[in-house]
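Visitor: I would like to learn how to read a protein model feature by feature. Please give me the general idea each time, and then the case at hand.

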Amino acid sequence: MTDKAAVLYMVIPCYNEEAVLGETSRRLLDIFDRMIKESLIAPLSRIVFVDDGSRDGTWEIINELSENNESIRGIKLARNAGHQNALMAGLMTVREECDCAVSIDADLQDDIEVIPEFIKKFREGCDVVYGVRNSRTTDTAFKRFTALSFYKLMVSMGVNIVPDHADYRLMSRRALDALSEFSEVNLFLRAMVPLCGYKSDMVYYERHERFAGESKYPLKKMLSFAMDGITSFSITPIRCISVFGSIMCVISLAAFIYTLCIKFFGHTTAGWTSLMASIWFLGGVQLLSVGLIGEYIGKIYKEVKRRPRFIIEEYKK
C-alpha cells in the first residue's frame with residue numbers, strides 16, 4: 001500500500017461524440033478536482049480523449065478543450081480503427097506518463113463517482129480494478145438476455161472474463177506494460193486484461209442512461225464483437241465441429257447398415273423425403289462449419305500481415 005498521490009490518466013475513446021463531450025469533460029474535471037483536494041491523485045493527472053476517426057466535430061471540440069484546460073489532452077487517430085484499437089492506442093500512448101489509467105466510454109453511462117474507489121483499491125496494491133455493473137435495469141429485455149447468454153457462453157468455452165464488465169477499468173503502469181506485450185491484431189480487451197495475471201479487484205456501480213447522442217453498438221456490431229471475442233480466445237467451436245462430424249459419421253454408418261439390412265430382407269421403400277431432408281441438413285452443417293473455420297482463417301490472415309492496429313495522426317498535449 002502507498003500513500004503517495006497517484007498520477008491518473010483517464011482514457012476515453014470517442015467516435016462521433018460531439019453531443020456529449022462538453023458535459024463529459026465538465027463532470028470529469030469536477031471529480032478530478034475533488035480527488036486532487038483529497039490527495040487521491042496528483043495534480044499532474046490528465047484526461048485523454050481519443051478521437052477514433054470521427055466524422056462530426058469531435059476532434060474540434062477535443063482540440064478546444066485541450067487548449068482551454070491543461071488537464072485535458074487529445075489523441076487523433078488517422079482513421080477509424082474501432083473502439084478496442086482506439087482504447088489500446090490511448091492506453092499505450094500514456095502508459096509511461098502515469099501511475100495508473102482508467103478507461104471509460106464518453107457517453108456518461110458508467111458511473112464516474114466510483115473512480116475514487118478505483119484509486120483506493122489501486123493504493124491497496126491492486127494492479128487491475130474492474131468496474132462491474134450491479135444490474136442491467138437500463139437495458140432492454142433483449143439486450144439483457146443476449147448479454148447474459150454471451151458471458152455464459154464465453155465462460156463455458158474456457159475464456160477468463162468478468163461478467164457484466166465492459167471496458168470500465170483501472171490498470172496500473174505495470175499492468176499496462178504487460179498488456180503492451182500482447183501483439184495480436186484482433187483485440188478483445190475484456191479477455192486480454194485478465195491474462196496479465198496481476199492482483200485484481202472489482203468495484204460495483206449502477207449504469208445510467210446515455211446522456212445524449214446515439215449508441216455506437218447496434219445489434220450488428222454487438223454480434224460482430226461477440227464473434228471476435230469467441231474466436232479470438234477459444235478453439236472450442238472448432239472442436240465442437242470435430243465432435244459433431246464424428247457423431248454424424250457414426251450415425252451415417254448406422255444408417256448405411258440399416259439400409260443394407262432392409263435391402264437384404266426385401267423391404268425397401270421409396271425414401272425420397274428422408275433422403276432430401278438428410279442432404280439439406282448435412283449441406284447446411286457443412287456450410288456452417290466451413291464458415292466458422294473461415295472465421296479462424298480470417299483471423300490468422302490478419303495476424304500474419306502484422307499491420308499496425310492504429311496510427312496516431314496527432315497527440316495534443
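Guide: Happy to! Helices here are DSSP runs of H or I with at least four residues, strands are runs of E with at least two, and both are numbered from the N terminus. Please keep in mind that this is a predicted model. With that naming in hand, look just past helix α4: Gly125 follows it, with a positive phi near 115 degrees.

Visitor: How many helices and strands does the protein chain have?

Guide: The protein chain has ten helices and eight strands.

Visitor: Back to phi, then. Which sign of phi do most residues other than glycine have?

Guide: As a general idea, most residues other than glycine have a negative phi. Two residues in this model are worth a look against that background. Asn16 has a positive phi, near 55 degrees, and is not a glycine; its place is in the loop between β1 and α1. Ser39 is also not a glycine, and its phi is positive at about 60 degrees. You will find Ser39 in the loop between α1 and β2.

Visitor: Is Ser39 buried, exposed or partly exposed, and why?

Guide: The cut-offs matter here: under 20% relative accessible area is buried, over 50% is exposed, and what lies in between is partly exposed. Ser39 counts as partly exposed because its relative accessibility is 42%.

Visitor: Let us turn to the sheet. In what order do its strands lie?

Guide: The order is β7-β5-β6-β4-β1-β2-β3-β8, an open sheet of eight strands with mixed pairing. At its edges are β7 (200-205) and β8 (312-316), each of which pairs on one side only. On average, neighbouring strands of this sheet are turned by 20 degrees against each other, direction ignored.

Visitor: Which way do the strands run in a single pair, such as β2 and β3?

Guide: Strand β2 (residues 46-51) and strand β3 (residues 72-77) are parallel, paired over five bridges. One bridge you can pick out is that of Asp51, whose partner in β3 is Lys76. Helix α1 (residues 21-37) packs on the sheet and touches β1 (8-14), β2 and β3, with its direction at about 155 degrees to that of β2. Helix α2 (residues 58-68) packs on the sheet as well, touching β1, β2, β3 and β8, and its direction makes about 150 degrees with that of β3.

Visitor: Where do side chains of a regular strand point?

Guide: In a regular strand they alternate between the two faces of the sheet. Lys76 is a nice residue to inspect, as it is found in strand β3.

Visitor: Is Lys76 buried or exposed, and what does it touch?

Guide: Lys76 counts as buried because its relative accessibility is 17%. Leaving aside residues up to four places away in sequence, Lys76 touches Asp51, Trp59, Ile311, Ile312, Glu313 and Glu314. For a distance check, the C-alpha atoms of Lys76 and Asn63 are separated by 9.6 Å, and these residues are 13 apart along the chain.

Visitor: What about the antiparallel pairs around β6?

Guide: β4 and β6 run antiparallel, joined by four bridges, and Ser103 stands opposite Arg169 in β6. β5 also pairs with β6 in the antiparallel sense, over four bridges; there, Val128 stands opposite Met171 in β6. Seven of the eight residues of β6 are buried, so β6 is largely enclosed by the rest of the structure.

Visitor: How many residues of helix α4 are buried?

Guide: Seven of the nine residues of α4 (residues 115-123) are buried, so this helix is largely enclosed by the rest of the structure. Its buried residues are Ile115, Pro116, Phe118, Ile119, Lys121, Phe122 and Arg123. Their cover includes β1, α1, β4 (100-103), β5 (128-133), β6 (165-172) and β7.

Visitor: And the outside: which residues make a nonpolar surface patch?

Guide: Val243, Ile247 and Ile251 make one of about 260 Å². Ile251 is found in helix α9 (residues 236-264), and it counts as partly exposed because its relative accessibility is 47%.

Visitor: Could you finish with the whole chain?

Guide: Gladly. Of the 317 residues in the protein chain, 45% are buried. The accessible surface comes to about 17000 Å², and 60% of that belongs to carbon and sulfur atoms. Among contacts between residues at least 6 apart in sequence, 84% join residues at least 24 apart.

Notes:
Residues numbered from 1 in each chain as written. Predicted model: local features only at pLDDT ≥ 70, side-chain atom pairs only at ≥ 80, totals over all residues. Heavy atoms only, no water. Pairing = 2+ DSSP bridges. Axes fitted to C-alpha atoms, helices over the stretch in contact; angles between N-to-C directions. Contact = heavy atoms within 4.5 Å. Buried < 20%, exposed > 50% of the residue type's maximum accessible area, 1.4 Å probe, protein only. Patch = residues over 30% accessible without salt bridge, like charges linked within 9 Å, V, L, I, M, F, W, Y side chains within 5 Å. Areas by Shrake-Rupley, 256 points an atom, 1.4 Å probe, with all protein chains shown as cover. Salt bridge = Lys/Arg side-chain N within 4 Å of Asp/Glu carboxyl O.
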